[in-house]
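Me: I would like to go through this model by way of its confidence, its side-chain pairs and its nonpolar cores. Please reason briefly each time before you settle on a value or a name.

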Amino acid sequence: MLRLGLWGAPPPGAADYAAPMPAPVVAQLLEALGREGHPVAVWAERAGIRRIDASADLELAFPQAMRFLAEAVRALPDRPLGLRAGARPLLQSFGMLGVAVQTADDVEGAVAAGLQYHQAAGSLVDFAVDADGDGALDVVPRSADPDVLPFLCEETLLSVVTLLRSALGDEQWSPTAVELPFAAPAYADEYSDHFGCAVRFGAPAGVLTVPRGLLGRPLPRREPAVHAAALAACRAIAGASGEARDLDHVWAVEQLLRADLRRPYTMAALARQLNTSERTLRRHLTDAGESFRSIHARVRRERAETLLRTTG
């Protein structure tokens with residue numbers, strides 16, 4: 001079996017978190033939820049998003065995208081927003097990466113393209129390949145926000161299934177099993193309809209299992225010339241993102257601490273993780289009316305409150 005798993009959040013790097021990136025998921029939510037009359041403009045303003053049109057070329061810094069998603073899922077906790085986003089048409093979700101995946105020689109080539117250029121399509125997670133014998137492909141959320149985790153799991157895993165179905169030319173294809181690291185939501189019955197397989201909630205991690213032999217299956221739309229051109233377009237998009245600029249240092253420090261609260265972080269260690277100096281980091285936090293101590297205390301308190309609400 002090939003396992004695709006969602007695990008804990010890694011420490012963020014400044015470039016990854018502040019550089020502009022495509023935001024098709026946010027664009028889709030802006031359009032769909034705005035059409036329903038929800039206050040998407042207010043959510044966008046709180047997230048620091050100045051442009052709120054739902055055009056396909058919307059670009060946001062990662063903190064802006066995550067803040068908007070947090071506003072949406074907290075306002076609509078019983079809506080399957082991640083499932084709706086993950087079921088979008090292939091090109092709407094993946095752009096040129098979708099073309100590259102569809103025109104690869106086989107599923108293995110499609111997966112390789114996805115791993116290399118997923119950020120060019122606005123991916124909200126990171127990926128890591130497990131070289132052990134179980135053939136695990138780990139999908140790593142870039143945020144530890146427990147409210148947003150279900151959305152990230154739903155959107156990522158269902159997008160993978162949608163992508164594979166399109167690439168295989170088989171809309172009935174389904175994974176072997178799906179495991180999710182959160183309690184069953186109010187709309188739990190919809191998961192099996194979307195994934196077409198058994199779904200287990202409350203698992204240690206999010207895992208999508210598919211047959212290992214799937215990797216060698218040839219794709220019906222393989223076109224080497226088109227595939228090469230699509231990969232070149234993905235490279236151009238990925239290379240245009242540039243270096244990090246207006247990093248939200250308070251948000252980045254919060255994410256570093258949330259990623260591993262047991263780790264004895266110091267201001268100097270945080271500064272190294274964010275590719276800056278301790279003095280510069282302290283100045284940015286002070287300008288924002290914060291300090292390392294105040295952020296650390298807040299994150300620990302939020303974690304304690306979450307544990308009190310959700311565990312024994």
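The turns below take up confidence, aromatic pairs, salt bridges and nonpolar cores.

Me: What average pLDDT does the protein chain have?
Reply: This is a predicted model, in which local features need pLDDT of at least 70 and side-chain atom pairs count only at pLDDT 80 or more, while totals for chains, interfaces and linings use all residues. Residues are numbered from 1 along each chain as its sequence is written, and side-chain values use heavy atoms, with hydrogens and water left out. pLDDT is the predictor's confidence in each residue, on a scale from 0 to 100. For the protein chain, 80% of the residues score at least 70, and the average is 79.

Me: How many contacts beyond four places in sequence does the model have for residues 130-136?
Reply: A contact means heavy atoms within 4.5 Å. Over residues 7-15 pLDDT stays under 50, and the model has 35 contacts beyond four places in sequence for them. Over residues 130-136 pLDDT likewise stays under 50, and the number of such contacts is 12.

Me: Is the pair of Trp-43 and Phe-68 stacked or edge-to-face?
Reply: Rings of Phe, Tyr and Trp (its six-membered ring) pair if their centres lie within 6.5 Å, with planes under 30 degrees apart counting as stacked, over 60 as edge-to-face and the rest as tilted. A search of the whole structure finds five aromatic pairs. In the pair of Trp-43 and Phe-68 the centres are 6.2 Å apart and the planes stand at 65°, so the arrangement is edge-to-face.

Me: Which helices hold Trp-43 and Phe-68?
Reply: Helices (H or I, at least four residues) and strands (E, at least two) are DSSP runs, numbered from the N terminus. The pair ties together parts that are 25 residues apart in sequence, because Trp-43 lies in helix α3 (residues 40-46) and Phe-68 in helix α4 (residues 62-75).

Me: What relative accessible area does Phe-68 have?
Reply: Buried means under 20% relative accessible area, exposed over 50% and partly exposed in between (1.4 Å probe, protein chains only). Trp-43 counts as buried at 4% relative accessibility. Phe-68 is buried too, and its relative accessible area is 0%.

Me: Is the pair of Tyr-191 and Phe-195 stacked or edge-to-face?
Reply: Tyr-191 and Phe-195 are four residues apart in helix α10 (residues 189-195), so about one helical turn separates them. Both belong to one aromatic cluster, which also includes Phe-182, Tyr-187 and Phe-201. Since their ring centres are 6.4 Å apart and their planes lie at 15°, the pair is stacked.

Me: How far apart are the closest N and O atoms of Glu-36 and Arg-79?
Reply: A salt bridge is a side-chain nitrogen of Lys or Arg within 4 Å of a carboxyl oxygen of Asp or Glu, and by this rule the count comes to 10. Glu-36 forms one with Arg-79, and the closest N and O atoms are separated by 3.1 Å. This pair links distant parts of the chain, with Glu-36 in the loop between α2 (24-35) and α3 and Arg-79 in the loop between α4 and α5 (81-86), the distance in sequence being 43 residues. As for the atoms asked about, the value is 3.1 Å.

Me: Is Arg-88, the salt-bridge partner of Glu-155, buried or exposed?
Reply: The closest N and O atoms of Glu-155 and Arg-88 are 3.3 Å apart. Glu-155 lies in helix α9 (residues 149-168) and Arg-88 in the loop between α5 and α6 (90-94), so the bridge ties together parts 67 residues apart in sequence. At 8% relative accessibility Glu-155 counts as buried, and Arg-88, with a relative accessible area of 4%, is buried.

Me: Which helix gives the most to the largest nonpolar core?
Reply: A nonpolar core is a set of buried Ala, Val, Leu, Ile, Met, Phe, Trp, Tyr and Cys residues joined through side-chain atoms within 4.5 Å. The largest has 36 residues, and those with the most contacts inside it are Leu-97 and Phe-195. Elements that each supply at least two residues include α7 (96-102), α8 (107-117) and α11 (224-239). With nine residues, the element that gives the most is α9.
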